[in-house]
Amino acid sequence: MTTPPAALLNKNKKNFIGMPAPLGYVAGVGRGATGFTTRSDIGPARDANDVSDDRHAPPNKRKKKDDDDDEDLNDANYDEFNGYGGSLCSKDPYDKDDEEADAIYDEIDKRMDEKRREYREQRLKAELENYRQERPKIQQMFSDLKRELAHVSENEWSTIPEVGDARNRKQRNPRAERFTPLPDSVLSHNLGGENVTTIDPGSGLASMMPGTSTPGMLTPSGDLDLRKIGQARNTLMGMRLNQVSDAVGGQTVVDPKGYLTDLQSMIPQYGGDINDVKKARLLLKSVRETNPNHPPAWIASARLEEVTGKIQSARNLIMKGCEMCPKSEDLWLEAARLQPPDMARAVIAQAVQTLSHSPRIWTKAADLELELKAKKRVYRKALEQIPNSELLWKLAVELEEEEDAKILLSRAVECCPTSVDLWLALARLEKYENSRKVLNKARENNPKDRQIWITAAKLEEANGNNALVGKIIERAISTLQANMVDINRDFWIKDAMEAEHAGAVLTCQSIIKNIIGYGVEDEDRKHSWMEDADSCASQGAFECARAIYSHALSVFPKKKSVWLAAAHFERSNGTRESLETLLQQAVTHCPQEETLWLMGAKSKWLAGDVPAARSILALAFKANPNSEEIWLAAVKLESENNEYERARRLLAKARSQTATPKVMMKSAHLEWALGNLDVSINLLDEGLKESGDFAKLWMMKGQILEQQGKVGEAWEVYREAVKRCQSSIPLWRLLCSLEEHQGKLVTARATLEKSRVRNPMNDELWLMAIRLELRAGQREVSRSLMARALQECPTSGILWAQAIFLEDPAQRKSRSVDALKRCQDDAHVVLAVAKMFWMDGKKNKAREWFNKTVKIDPDFGDAWAWYFKMEILFGTEEQQQEVKKRCIAADPHHGEHWCASSKLIHNWRKKTPEILQLVADKLPIPVMNREVYF
């Protein structure tokens, strides 16, 4: 064997050694050698499609379409950016490299076109499908009808008529001639012999004419009486109606409107698109076929058929679903619902065999039974199969009498020892001793339930063991805490309210006492307890609220606010005795709180016990020797009981000890009311020397002077008063009114202008100026003043209420809408809208808006007066008394018309019902075309 050369064994051998030379390779061409070709290099002849080896052949010239065509140098072929159009290399030689590059680019374009072809074909296919869905062929439109032809029977196929040839059908199938019946008048004329006509014997009329013959029948003779024919027709119709009438009451059985209703009931109730139904059917069918063991698919399919009116298809589907999913409760219950009652019982019987441990199936089976005995039998069979079902035990117990229910419940608590409801039901049916034993057993089985403890407390309270009630509740809370039960304060308060509604007041109070302080921080106790008391009172649980107040007072005995809140609660929801008892405790703990003394005295006075009220006020004097409120309350007590000398002595004593402006005012008012005008003026002068800035003293002095006819002195008093009390609006009103009554309109305008300068942005002063111009007949001036007033006071209710009636009747509605937008909850605006509805004659609407007004501001006396006025004119006696009753309960004190009557000196002893009647009588009736209205 020869050894290979060392060069072949060299590890650094070049990788191209031993490989054939590349196509067109010329050795040494890189270093300038010249290649040459011999015959042996030429080799055999090449195929025309082979790639040429001569890559260095001389370049060929690019072919031209037309050698004679020169380059187009026209201006139309010139572009500023690209230059002249055409190929830039059209005159250059076209060599092998260019040809190879063009081939490569062509392959790239072809490859890219193949990639785009798949996307283009997919898009074309999708567009074609959308087009076919939007414009289906007639064959596709009738495909569902063709599928229904599979269910056509042979008889139906045989009755389908042949198509045949429809051309010239009338000529090929001639019909018998039709004759129109003649009217009765023509026949009667012919019978009377007036006309002679010829009647075709085959026409059918010959038999009706006397003297004519009909083959095979006896022709009647004589005259034809058409009146008798009509009577016979009516008789026949009456007989038919009598056949369908009720023999007892004469009521017809035929419903003249019901036949249309019956036809309507045959129409499917689904009103949607039929295409949506078909899509839903296909989707649900796909779901059923994909997952036949999915019960919701079968239920949805059956309900779809039910909605579309195909109840039998729904039944078939749901029964097939029951076969596919026999362990589904919902399917069996849906099948029972869709079937008629007899079939439903059979379906439920089959369901019971399949799902014998399903309480819902047994419950449905009992519901389908009509007799009580059958229901009981079903429940007992169910309890044999499912003895630990609390629901079945409850339903079975509800059907039994008391003794049988007691036996059932005894068995039920053995089978379901954790059911609190069953234990409590058994305890209610047992007597006292047995109930205690039952509750003890229930507590052993359910140590974490609070209802058992509360029921035990109610039981002891019902049997008179009041001492045990509090102990049971205390033990309940401690036991539940020991068993790691979260004590939810809100739940316990709710249980206390339920106990109160059930009549267990002591249990309610014990719960509140033990739970009210649980989980509340010390600094939040007062606030939280007041909120709890208000919440209980709003829900009608007054004993719970009273218990909360009692506990709060025991913790905060010196808090005046707690005592006042409790007193107001007792005054609103308690009795007079409970209020007086509470106030007695209150004044012992808070003797310096004047309001508590006054509430106690007023309670005694309203009850008619004047000596007791005096004694309370005497004790109040001792606790508060120089209290103005107590002095005035004592004076009011004496004056209301016609003890004027006592009142005078009290006021004199009060003036000697505490000569406050209010005491001086009450002293002067008493003398004014009793007719001692000079004494009243002296008291007022004495008061003004000490308190010259107290506006009410100036007002009283001016009014007394007006009453005496001393108008000039009154005007001087008012002028001096507005200098001393510039911010008192009532003083400016009295001065302006006096000047207007004297006819000094220019002075009154100047007074109002000065008042607005001293008191800017005051809506009452603007309103006085507007009404002054209205009374003077200057409507346009009043409108311009209103515009300025609304710019300065844009949210003033009294201005917007007046602005509504400044408009013409046609524009008042839009103006009221603007007013409600700006002042939605203002009583004056709502009252103006109510009066506007009254003007329009819409009494019910006006009544609704009057109700809104008095709810927004119950202290607004004008609203009550307008409301009462409307009820007097248009309402019933009950409605009038209802408004009066509500007004007395609200006890209003404000309002322009209300104060104008209640502040009159001769009405100082009148009560709310009398003031209401006085104001209602003075109010004008709203009229639509009245220009000046307020």
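**Stop 1: a charged patch on helix α2**

Begin by selecting Glu99, Asp102, Asp106, Glu107, Asp109 and Asp113, which gather on the surface in a patch of negative charge. The model on display is a predicted one. To place the patch in the fold, select aspartate 106, which belongs to helix α2, residues 96-134.

Remain on this helix and select Ile104, Tyr105, Ile108 and Met112. These residues make a nonpolar surface patch of about 390 Å². Isoleucine 104 is again part of helix α2. Is isoleucine 104 buried or partly exposed? Its relative accessibility is 45%, and isoleucine 104 therefore counts as partly exposed, since that class lies between the limits of 20% and 50%.

Next, show the side chains of glutamate 114 and arginine 111. They meet in a salt bridge, with 3.5 Å from N to O. Both residues lie in helix α2, three residues apart, which is about one turn of the helix. Glutamate 114 has a relative accessible area of 30% and is partly exposed.

**Stop 2: a buried glutamate in helix α11**

Move to glutamate 305, located in helix α11, which covers residues 295-307. Glutamate 305 has a relative accessible area of 7%, under the 20% limit, and is therefore buried. Which side chain does the side chain of glutamate 305 contact? Display arginine 281: the two side chains make a polar contact at 2.7 Å.

**Stop 3: a network of salt bridges**

Select Arg303, Glu306, Glu334 and Arg337 together. Salt bridges link these residues in a network. Arginine 337 can serve as the point of orientation, being found in helix α13, residues 329-338. With 40% relative accessibility, arginine 337 is classed as partly exposed. From here, a distance may be drawn to isoleucine 348: the two C-alpha atoms are 10.0 Å apart in space, while the residues are eleven apart in sequence.

**Stop 4: two further salt bridges**

Across the model, the count of salt bridges comes to 42. Two of them are visited here.

For one, select arginine 450 and aspartate 495. They form a salt bridge in which the closest N and O atoms are 2.4 Å apart. Arginine 450 lies in helix α21 (residues 450-462) and aspartate 495 in helix α23 (residues 489-501), so the pair ties together parts that are 45 residues apart in sequence. The two partners fall into separate accessibility classes: arginine 450 is partly exposed, with a relative accessible area of 24%, whereas aspartate 495 is buried, at 5%.

For the other, select aspartate 808 and arginine 783. In this salt bridge the closest N and O atoms are 3.5 Å apart. Aspartate 808 sits in the loop between α41 (797-806) and α42 (812-822) and arginine 783 in helix α40 (residues 779-792); the pair, 25 residues apart, links distant parts of the chain. Aspartate 808 counts as partly exposed at 39% relative accessibility, and arginine 783 is also partly exposed, with a relative accessible area of 27%.

**Stop 5: two loop residues with positive phi**

Turn now to the backbone and select asparagine 642. Where does asparagine 642 lie? The residue is in the loop between α31 (628-640) and α32 (644-657). Its phi is near 65°, a positive value in a residue other than glycine. Asparagine 642 has a relative accessible area of 46% and is partly exposed.

Continue to aspartate 891, in the loop between α46 (877-890) and α47 (896-902). Although aspartate 891 is not a glycine, its phi is positive, at about 50°. The relative accessibility of aspartate 891 is 32%, and the residue counts as partly exposed.

**Stop 6: a positive patch**

Finish by selecting Arg571, Lys602, Lys636, Lys666, Lys696 and Lys903, which form a positive surface patch. Lysine 903 is found in the loop between α47 and α48 (912-922). Is lysine 903 buried or exposed? At 64% relative accessibility, lysine 903 is over the 50% limit and therefore counts as exposed.

Terms used
Residues numbered from 1 in each chain as written. Predicted model: local features only at pLDDT ≥ 70, side-chain atom pairs only at ≥ 80, totals over all residues. Heavy atoms only, no water. Patch = residues over 30% accessible without salt bridge, like charges linked within 9 Å, V, L, I, M, F, W, Y side chains within 5 Å. Areas by Shrake-Rupley, 256 points an atom, 1.4 Å probe, with all protein chains shown as cover. Salt bridge = Lys/Arg side-chain N within 4 Å of Asp/Glu carboxyl O. Lys, Arg positive; Asp, Glu negative; His and termini not counted. Charge placed at Lys NZ, Arg CZ, Asp CG, Glu CD. Helix = DSSP H or I, 4+ residues; strand = E, 2+ residues; numbered from the N terminus. Buried < 20%, exposed > 50% of the residue type's maximum accessible area, 1.4 Å probe, protein only. Polar contact = N/O pair within 3.5 Å; in protein donor to acceptor, adjacent residues only side chain to side chain.
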